[in-house]
Every structure is written in structure tokens, then in C-alpha cells.
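Colleague: I would like to go through this fold slowly with you, one question at a time. Could you begin with the words we shall need?

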Amino acid sequence: MKIAILGGTGDQGLGIAIRFVQAGENVIIGSRKAEKAEKAVEEIKELLKEKNLDNIEGLSNEDAAKKGDILILTVPITAQKPTLESVKEFVNGKIFVDATVPLQSNLGGTPMTYFIPWEGSAAEETEAILKGNGAKIVSAFNNISSSSLMNFNEKVDCDCLISGDDADSKKIVSELIEKIPGIECIDAGPLEQARTVERITSLLIGLNIRYKTHYGGLRITGLKQK
Ligand SMILES: NC(=O)c1ccc[n+]([C@@H]2O[C@H](COP(=O)([O-])OP(=O)(O)OC[C@H]3O[C@@H](n4cnc5c(N)ncnc54)[C@H](OP(=O)(O)O)[C@@H]3O)[C@@H](O)[C@H]2O)c1
């Protein structure tokens, strides 16, 4: 199974890529420019000190979407629509994980505030754009900071809330994400719950600033017998 990360050259995409590579998964970094994706792959090999890694490659977003079985979107919200439009012909039958969060900076106020997209959440925006293209949309990774993911010698001390309307897709995505040490996945319910989950990111950013850290995350307690 190949995991293609669209916009995988940025902070969140690199963090997710590095963790899945460490878990032995086959990863494709996608970018608007294939050369930039290839450079990101070299960067990951240097960071992991493994020049001969053969489970990661860099491609254009379109080729990554074509080749990937599970697609993950990690672009700024302003790039969501154009990126989706550029790959939508390749998503049929695939799981499409939306990790984007609609955040905007607010001059003189909270550093990053949530804004409500037309469809209610970024994940539902993705669903509306890909509607009719046969992708199964899952929302995940929204509350996990790139700093925690990039701190790849340590466990990620966070839960990952998973929203989506297709139970099988959520199960597949959860099992995959739980290969990242420390992360526990929680089924947050239907895709509509992304409206709440995405908002928590804004809260977490504020908490991380106030507590002068980059690793603050979310843990839900009492759901499972551990
Ligand atoms: N960073 C975090 O800690 C974090 C945590 C949770 C959720 N998220 C969410 O994850 C998403 C990605 O965050 P990030 O911090 O990784 O973002 P980023 O580093 O600013 O951007 C990620 C990638 O998106 C592509 N991109 C940028 N502008 C674009 C444009 N105008 N059109 C098309 N592609 C563009 C770029 O890839 P190419 O130039 O290679 O195409 C870039 O490397 C965001 O929606 C964010 O809210 C981030």
C-alpha cells in the first residue's frame, strides 16, 4: 500500500512522511514541482541517516495521487481547492485523508483563529470538491503538531481524532496512524465532527504559545481499558 502525501514538502507533510517511513510504509511525497519533492526525500534520508532508503520517493502531486493508494492532503487551506482540482481525476476508490485546518492570522489578536468554511469544515469542503470522484474522505492529523511528528526519536504524546462517514476507511487509517509510536486514534464519528476537531487546533496553537512549547497535544481519557 502506497501513502501519497500531497503538499508533502511542508512541515506537516514531512513530519507525517518521516513517521510512516520509519514504520516501514511506502511513502510518496507530492509537490507542485517533482524536483522539490525529490529534494524533500533527500532531506528525509539525511535526517534519518539512511542514504539507501527505498520506501520513499518524490513526485508531482498529480503523479503521487495517481500512484498512491491512500492520499493525504497537507497544504495550507488557501491551496486546498486548487490542489484537489489538480488530482481529482485520480482519487476514485481511494481513501483521501484531509489534514488541513482553516486557520487565519488575526492582526493584533489570537495568532491563528479558525474560520468556518462554506461546507462547515475543511474536510467537508474536500468532500464537496471530490464528490462524484469516488474517494472516501477521512479527517485526521488536524490536532497533531508538525514539531511532534518531526521529533522522530520520541513518541508522539497525542491522540488522533478520526472523523469520516465510511467505517472501513476510518479503521484502515486508524491502524496506519497507530503505527506511529505514541499515537492513539479515536473514532470521533461522522465527517461532520471535523467541524469541532479542526477548531481544537486553534486552541492548541494558543496553548503551545502560552506554555512556550511546540509539543502540546490532546489526550481523551476513559474510553478504553488500557
Ligand atoms: N504545521 C502543523 O503543525 C500543522 C498541524 C496540524 C494541521 N496542519 C495543517 O496541515 C496543512 C499543512 O500545514 P503546513 O504547516 O505543512 O503548511 P506549509 O508548510 O505552509 O505548506 C505545505 C505545502 O503546501 C504546498 N503549498 C503551499 N502553498 C501552496 C499553494 N498556494 N498552492 C498549492 N500548494 C501550496 C507547498 O508544497 P509545494 O510547494 O511543494 O507544492 C508546501 O510545502 C495546513 O492546512 C495546516 O493547517 C498543520
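Modeller: A residue is called buried when its relative accessible area is under 20%, exposed when that area is over 50%, and partly exposed in between. Please keep in mind that this is a predicted model.

Colleague: With those words at hand, which residues of helix H7 are exposed?

Modeller: In H7, Ser 169, Lys 170, Val 173, Ser 174, Leu 176 and Ile 177 are buried. Seen down the axis of H7, these buried residues fall within an arc of 160°, and therefore they line one face of the helix. The exposed residues lie on the other side of H7, and they are Ala 167, Asp 168 and Lys 171.

Colleague: What does helix H7 pack on, and what angle does its direction make with that of S9?

Modeller: Eight strands form an open sheet with mixed pairing, in the order S3-S2-S1-S4-S5-S8-S9-S10. Its edge strands, each pairing on one side only, are strand S3 (56–60) and strand S10 (184–189). Helix H7, residues 167–177, packs on this sheet and touches S1, S4, S5, S8, S9 and S10, while its direction makes with that of S9 an angle of about 160°.

Colleague: Which other helix lies across S8, S9 and S10, and at what angle does it run to S9?

Modeller: The helix lying across S8, S9 and S10 is H8, which covers residues 194–210, and it runs to S9 at about 150°.
One of its residues is Arg 195, which is partly exposed, with a relative accessible area of 34%. Leaving aside neighbours within four places in sequence, Arg 195 is in contact with Tyr 114, Glu 119, Gly 120, Ser 121 and Glu 124. To return to what you asked, the helix is H8 and the angle is about 150°.

Colleague: Why is strand S1 described as largely enclosed, and how many of its residues are buried?

Modeller: Strand S1 pairs in the parallel sense with S2 over five bridges, and it also pairs in the parallel sense with S4, over four bridges. Leu 6 shows both pairings, since its bridge partner in S2 is Gly 30, while in S4 it stands opposite Leu 73. Strand S1 is largely enclosed by the rest of the structure because, of its five residues, the number buried is four.

Colleague: How does the chain cross from S1 to S2, and what is the hand of that crossover?

Modeller: Having left S1, the chain passes through helix H1, residues 11–22, before it reaches S2. This path is a β-α-β crossover, and its hand is right-handed.

Colleague: Which residue in S10 stands opposite Cys 160, and how many disulfides are there?

Modeller: Strand S9 (residues 159–164) and S10 pair in the parallel sense over five bridges, and the residue in S10 opposite Cys 160 is Cys 185. A disulfide needs two cysteine sulfur atoms within 2.5 Å, whereas the cysteine sulfur nearest to that of Cys 185, which belongs to Cys 160, is 4.6 Å away. For Cys 158 the nearest cysteine sulfur is again that of Cys 160, at 9.0 Å. The residue you asked for is thus Cys 185, and the count of disulfides is zero.

Colleague: Is Cys 158 buried or exposed?

Modeller: Buried means under 20% relative accessible area. Because the relative accessibility of Cys 158 is 1%, this residue counts as buried.

Technical notes
Residues are numbered from 1 along each chain as its sequence is written. This is a predicted model: local features need pLDDT of at least 70, side-chain atom pairs count only at pLDDT 80 or more; totals for chains, interfaces and linings use all residues. Side-chain values use heavy atoms; hydrogens and water are left out. Two strands pair if DSSP finds at least two bridges between them. Helices (H or I, at least four residues) and strands (E, at least two) are DSSP runs, numbered from the N terminus. Contact means heavy atoms within 4.5 Å. Axes are lines fitted to C-alpha atoms, for helices over the stretch in contact, and angles run from 0 to 180 degrees between N-to-C directions. Buried means under 20% relative accessible area, exposed over 50%, partly exposed in between (1.4 Å probe, protein chains only). A crossover is right-handed if, with the strands pointing away from the viewer, the path from the first strand over the helix to the second runs clockwise. The arc is that of the directions from the helix axis to the C-beta atoms.
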